[in-house]
Each structure stands twice: as C-alpha cells, then as structure tokens.
Amino acid sequence: MERLVAVWLADLEVERVDGSSLREFSSFLDALGELCPFVDPLRRGLCLFPMRAPRRFYGTEEAVLERLYEIVERCGLPSPRVGVAQGVFSAEAAARRDRVVMLGEEDLFRYSLPIEELAPKDVAATLRRLGISSVGRFAELSERRVAERFSALVVELHRVARGEQSEAPGQRDASVLRALGRETRDTRGVDEQLGFFGHRGAREQRALAAAWRVRSRLGEAGVLVASLRAGRAPEDRDVLVPFDAPEPRRSPEAPWPGRLGSPTPVRTPRQPLPVSLTDSTATPVTVGVRGFLSGDPVRLDLGRGSWREVTWYAGPWPSVEEWWGVPRRRAHLQVVTDRAEAYLLRAEGERWWIAGVYD
Amino acid sequence: MSGCGYSYERMFAFSPPRPPVPTDLAAKIRPTLLARSRTLGLEGPWSGVIPGGRLRRGTTIAVHAESAQGGVSVALSLAAAATAEGLWAGVVGVRDPGVVAMVDLGLDLRRVLFVPSPAAAWAESAADLLEGVDVLVVQPPLNPSSTLARRLSSRVRERGVVLIVVTRQFVWPAPVEVGLRVEGSQWETSSRLVSRVLRLNVSTRERAGTSCHELVLPDPHGRVASR
C-alpha cells in the first residue's frame with residue numbers, strides 16, 4: 001500500500017461565509033503541485049499525496065516535509081497537521097496526531113487506533129460491546145466470521161483494519177471535489193459562463209461563417225471547439241465538440257481528485273497509442289499492485305521500429321481508482337527521452353499508452 | 001467648446017480660433033493607427049524574439065521543429081495573445097489538441113476553431129478559415145507544393161491574417177516573413193517535469209542572417225516565459 005502524506009488544515013475545514021476557505025484550499029492544492037502533480041483532496045482542508053516520487057527527488061522524507069511546510073507558509077496558511085503513513089485511513093489518523101509513522105511500524109500504528117476512529121458510531125458501539133476496542137483487535141477477527149455476522153460496510157471496514165484496503169468508507173467527501181470544480185470555474189468570471197458564442201459580434205459571425213464552410217467540406221466533426229471539464233488526467237479533461245453543437249458538453253459534477261498540474265501535454269491522443277517500456281534487462285516495465293515500477297525504464301518503443309532511450313522519468317502516479325479498488329486501474333508516468341522529447345505515459349491493463357506529448 | 005453658446009452671427013463673422021494644423025499631421029497619425037490595427041498582440045516574452053514585438057497582419061511565420069520538440073507550443077503561444085484580445089484563431093492539422101495545455105498557454109478557447117484532421121483537404125480548410133479568423137495555425141500533414149504554399153501566403157496577405165505554419169520533416173516551401181527554428185530543447189525537472197528551455201533560431205525576410213534566442217516554453221504554469 002502506498003505511503004501517503006496527509007495534510008490537515010483545520011482552519012480551512014469550515015466553510016466561511018465569503019467562500020474564502022475553499023479558495024485558499026484550492027490555491028494550496030495548486031501550490032502543492034510542485035511536490036506532486038497529483039494531489040488528492042479528500043475533504044475540505046484535508047488532502048493527500050504519495051510520498052514516493054517527491055522523496056526520490058528530495059532524497060529524504062524530512063526534506064519533502066520541509067518543502068511542504070515552506071509551501072504552506074508561502075500560501076499564508078497557519079501551520080498544518082501533517083501525517084505520513086500507509087494508506088488513506090492511516091494517513092489521516094497520523095495527520096490528526098501530527099505524526100510520521102516510521103517505516104515498518106505502519107501496521108502497529110493502525111492496530112493501535114481506537115475502533116471509533118475507523119467505524120461509524122453504531123458499528124463502533126457494537127464492536128465495543130464485543131470487547132473490540134481497537135482497530136488491531138478488530139483486524140484479528142476472521143474474515144469469514146465478519147462476513148457472516150455483519151453488513152457489507154463492516155466487511156469493508158475490516159479490510160481497512162487488516163491493511164488490505166487503503167481508504168475507509170465515509171472518509172471522502174465527494175462534494176468538496178464538486179465545490180472545488182465550481183470554484184475553479186467561478187474564478188473565470190461571468191464572461192466565461194456565458195459559454196461559447198454568448199454574444200455575436202461581426203467578427204464572430206465571420207468566424208462562424210468560415211467554420212460552416214469547413215464543416216460542409218469535412219463533415220460534422222470537421223470543426224471543433226474545445227472546453228475543459230473536471231477530471232484527473234489531461235486526457236480526461238479535454239472536451240472537443242463540433243462547433244455547432246448546442247452546448248459544449250461539460251460535466252462539472254465529475255470528481256477530479258488530484259488532477260495533473262501544469263505543464264500539461266500540448267497533444268493528448270484521443271486514440272491511445274500503445275508503446276512499450278522496458279528496463280535495462282529488456283524486461284517490460286509494469287506497475288505493481290502497490291503502485292511501484294518493476295524496474296527503471298530505459299527504453300521506450302514507439303512502434304514501427306522507432307524507439308528512444310529514456311533519460312529521465314517521474315512517477316508512477318497511480319490513479320485514485322486504483323487506490324480504492326475500482327476496476328479502472330491506471331498510473332501515469334512522465335518520461336524524457338534522449339532527444340529531449342517529453343511524454344506522459346499511462347499504464348493501464350498491463351500495457352503502456354501515450355497519454356500526452358509535450359510538443 | 002460648447003456648441004450651443006455660439007450664435008449664428010458670430011459663427012459666420014469670426015472663424016473660431018484654432019491652431020494651424022501641422023501639414024505632416026496626417027502622415028504622423030496614420031501609420032500609428034494602422035500599426036495597431038495592422039498588428040496583433042503577443043505574449044510578453046515573444047516581443048524580444050519577433051521583430052517589432054507584434055504579429056503583422058498579412059504575414060506568414062514558419063515554425064520548424066523536430067517531432068515533440070515544441071513546435072506546436074511555439075505556434076499556439078504566438079496565437080494566444082490575439083485570442084485573449086478578442087480576435088479569432090483557427091488551428092488546422094494539429095491532431096489531438098491538449099485542451100488543458102492550451103488554456104495554460106493563454107488561448108481563449110471561446111474564440112478558437114479546431115480542424116484537427118483535415119487530411120488531404122487541409123489547404124482548402126485553411127483557405128476557408130482564412131476568411132473568418134485573424135490568426136491561423138496550420139500544421140500541414142503533407143509537404144505542400146511550393147505553388148500551394150505561395151497561394152496560401154498570398155491569400156493571407158489579401159485577408160490581412162497572420163498565418164503560422166508548423167512543419168516537421170520538411171520546410172515550408174515558400175518565402176516567409178519570419179522563420180523560427182527550434183534548434184534544441186532542454187527539460188528542467190524536479191520530482192516531475194517543471195519547464196522546458198527552447199533554443200530558437202530566428203530569421204526574418206527584412207534582415208540577413210539569423211539571431212538566437214532562448215525562451216521557457218512551457219514554464220511551470222504552462223505559459224511562455226523569458227529565460
């Protein structure tokens with residue numbers, strides 16, 4: 001399970017009347033982008049990012065945390081509580097205690113937590129009556145016994161207790177994602193919200209007339225207009241629709257935990273291009289269940305006999321879906337080749353694809 | 001001066017006092033006015049690279065770069081300020097435009113028309129769009145004939161559009177006002193990609209020889225920046 005940094009800004013947990021807490025949280029998330037391109041806002045005032053990639057760059061976990069505190073300070077926010085532990089549930093618990101759980105002590109830490117920290121009140125009360133007071137005691141119950149006696153929710157909590165699942169049900173507040181999405185759109189101003197072709201000046205009519213000519217030449221999908229929607233990876237956020245479509249399809253309701261920060265690829269292939277990535281022993285590089293690479297990638301085969309040497313890479317950043325066991329498991333990797341080309345690669349279904357080209 | 005204070009008598013009796021008009025006034029004013037309407041704005045960092053610091057209408061700019069070396073970023077960044085000023089842009093032949101990156105570059109997507117895969121009809125599509133936009137970015141999928149390239153350039157002059165062509169394996173086979181060549185690029189990295197420095201070789205029709213520039217594109221915010 002991934003070692004995560006949880007940052008808890010108690011000050012931003014409560015919504016202020018002027019909405020400034022959400023704005024501050026949003027700009028803090030953007031600022032955190034310099035440590036990790038995928039930052040996952042779990043709830044208002046609480047966000048997570050994986051420790052591994054920044055540690056590889058900064059050398060030690062301490063150095064990463066130092067940078068983190070600098071960023072918090074730069075954002076003008078009061079001192080946060082920071083926790084480092086394995087998995088989302090433990091990381092949050094560690095943050096509440098402002099504690100870095102030592103490597104190798106992750107299980108002990110999780111076992112020592114009171115059962116109330118994991119289970120909702122009613123479930124915790126039942127477990128207490130059974131003499132189960134800590135997460136560790138709960139984890140000792142056999143899986144079958146739990147499945148026989150309790151609901152699906154408790155079975156899931158049990159998996160978290162045993163360290164087989166990263167996030168506990170109920171930990172995440174999806175509405176914060178929606179709120180953050182709204183926040184981002186709102187800062188674009190009223191003008192933006194008028195949408196495409198809100199008011200039609202002479203210039204616009206001229207442009208649209210030209211677009212119609214191209215459309216009649218190339219067909220319906222010939223001329224497109226673009227807009228953004230919420231999403232995690234750049235290839236999820238692009239919206240390109242025919243220019244005369246009634247409304248650009250936007251789905252601001254979609255959650256966008258930990259989107260990739262700037263810079264983003266200038267080209268994002270709609271039809272993913274399969275590539276292969278191999279290590280120094282010519283073995284295909286894969287992303288393991290725990291989100292680690294099987295080896296350092298050294299060669300990128302682009303197909304049709306063309307290949308590049310990989311001179312640098314960062315990641316992988318496994319996607320949220322993977323952390324929570326939703327079928328779609330993805331991980332992103334940034335690579336630079338010997339020709340100074342940069343690609344965003346995506347691992348999905350045991351294969352690598354080009355998700356973006358930094359052209 | 002308030003017009004209603006004048007009686008007709010006085011109006012005909014005296015000619016209103018006014019300073020003599022300098023004879024060269026028209027000559028002084030016109031070029032400036034024209035210069036504004038005849039040019040399009042550029043993002044700040046480009047002003048040291050593009051002669052005059054603005055894009056002149058009716059001109060063609062050729063951007064040449066190897067694959068994935070920043071050619072598309074350069075072209076779109078050149079067009080960004082114009083769209084932000086309320087002008088329209090067309091982007092022909094750039095497959096799979098990355099929308100997030102384009103927003104970062106400063107393009108106002110409300111005024112950008114994309115023709116991502118015009119295939120063989122790219123020149124016709126470009127010519128169609130020339131009638132309606134102020135700046136047109138074209139990445140020809142095939143090497144055009146020199147006749148075709150010249151015809152497009154002359155259409156561009158007539159329409160007062162700025163044409164930015166991006167080429168890879170070939171060079172644009174017609175004379176251009178400004179030629180930008182990406183000579184090399186270098187990524188700055190930390191625990192992730194941070195920014196890229198592009199070495200640009202700039203040639204203009206007006207002056208012989210070329211000049212070298214370094215620009216950061218994209219910078220950590222995805223925009224263009226000075227080195």
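The paragraphs below go through a predicted model, beginning with the contact between its chains and then turning to individual elements.

The contact between the two chains draws on 52 residues from chain A and 46 residues from chain B. On the side of chain A that touches chain B, the elements that contribute two or more residues are α2 (52-58), α13 (202-218), β5 (224-228), α14 (234-237), β6 (238-242), β9 (306-318), β10 (330-337) and β12 (351-357) of chain A. Of these, α13(A) gives the most, with 10 residues. By residue type, this side of chain A divides into 34 nonpolar, seven polar and 11 charged residues.

The helix α13(A) can be followed further, to its meeting with a helix of the other chain. Two packed helices are described by the angle between their axes and the distance between the axes. Here the axes of α13(A) and of helix α5 (residues 122-130) of chain B come within 7 Å and cross at roughly 160 degrees. Because angles over 145 degrees count as roughly antiparallel, that crossing makes α13(A) roughly antiparallel to α5(B). The crossing in which α13(A) passes α5(B) is right-handed. On the side of α13(A), the residues that take part are A210(A), R213(A), V214(A), R217(A) and L218(A), and they meet E124(B), S125(B), D128(B) and L129(B) in α5(B). The residues of this helix contact divide into four nonpolar, one polar and four charged.

Two of the strands that contribute to the interface, β5 and β6 of chain A, are also joined to each other, by five bridges, and run antiparallel. Within this pair, V225(A) has V241(A) in β6(A) as its bridge partner. In a regular strand the side chains alternate between the two faces of the sheet. In β5(A), L224(A), A226(A) and L228(A) point one way while V225(A) and S227(A) point the other way, and all are buried. Since five of the five residues of β5(A) are buried, the strand is largely enclosed by the rest of the structure.

Another contributor to the interface, strand β10 of chain A, contains Q334(A). Is Q334(A) buried or exposed? Q334(A) is buried, because 27 other C-beta atoms lie within 10 Å, where 20 or more are needed for a residue to count as buried. Leaving aside residues up to four places away in sequence, Q334(A) touches Y313(A), A314(A), G315(A), A342(A) and L344(A), together with R192(B) and L193(B). Q334(A) and P316(A) are 18 residues apart in sequence and, C-alpha to C-alpha, 7.8 Å apart in space.

Elsewhere in chain A, four strands form an open sheet in the order β2-β3-β1-β4, with antiparallel pairing. At its edges stand β2 (40-43) and β4 (81-86) of chain A, each with a single partner strand, so one side of each is left without a neighbour in the sheet. Neighbouring strands of the sheet are turned by 25 degrees against each other on average, direction ignored. Strand β1 (residues 3-8) of chain A is joined by five bridges to strand β3 (residues 46-50) of chain A, and the two run antiparallel; A6(A) stands opposite L48(A) in β3(A). Helix α4 (residues 87-96) of chain A packs on the sheet and touches β1, β2, β3 and β4 of chain A, its direction making about 145 degrees with that of β4(A).

Chain B, for its part, has six helices and 11 strands, and 47% of its 227 residues count as buried. Among its contacts between residues at least 6 apart in sequence, 64% join residues at least 24 apart.

Definitions and conventions. Residues are numbered from 1 along each chain as its sequence is written. Chains are lettered from A and ligands numbered from 1 in the order in which they are written. This is a predicted model: local features need pLDDT of at least 70, side-chain atom pairs count only at pLDDT 80 or more; totals for chains, interfaces and linings use all residues. Two residues are in contact if their C-beta atoms, placed from the backbone, lie within 7 Å. Ala, Val, Leu, Ile, Met, Phe, Trp, Tyr, Cys and Pro count as nonpolar, Asp, Glu, Lys and Arg as charged, and the others, Gly among them, as polar. Axes are lines fitted to C-alpha atoms, for helices over the stretch in contact, and angles run from 0 to 180 degrees between N-to-C directions. Angles under 35 degrees count as roughly parallel, over 145 as roughly antiparallel, 65 to 115 as roughly perpendicular and the rest as oblique. A crossing is left-handed if the near helix is turned anticlockwise from the far one by less than a right angle, and right-handed if clockwise. Two strands pair if DSSP finds at least two bridges between them. A residue is buried if 20 or more other C-beta atoms lie within 10 Å of its own, exposed if 12 or fewer, and partly exposed in between; C-beta atoms are placed from the backbone.
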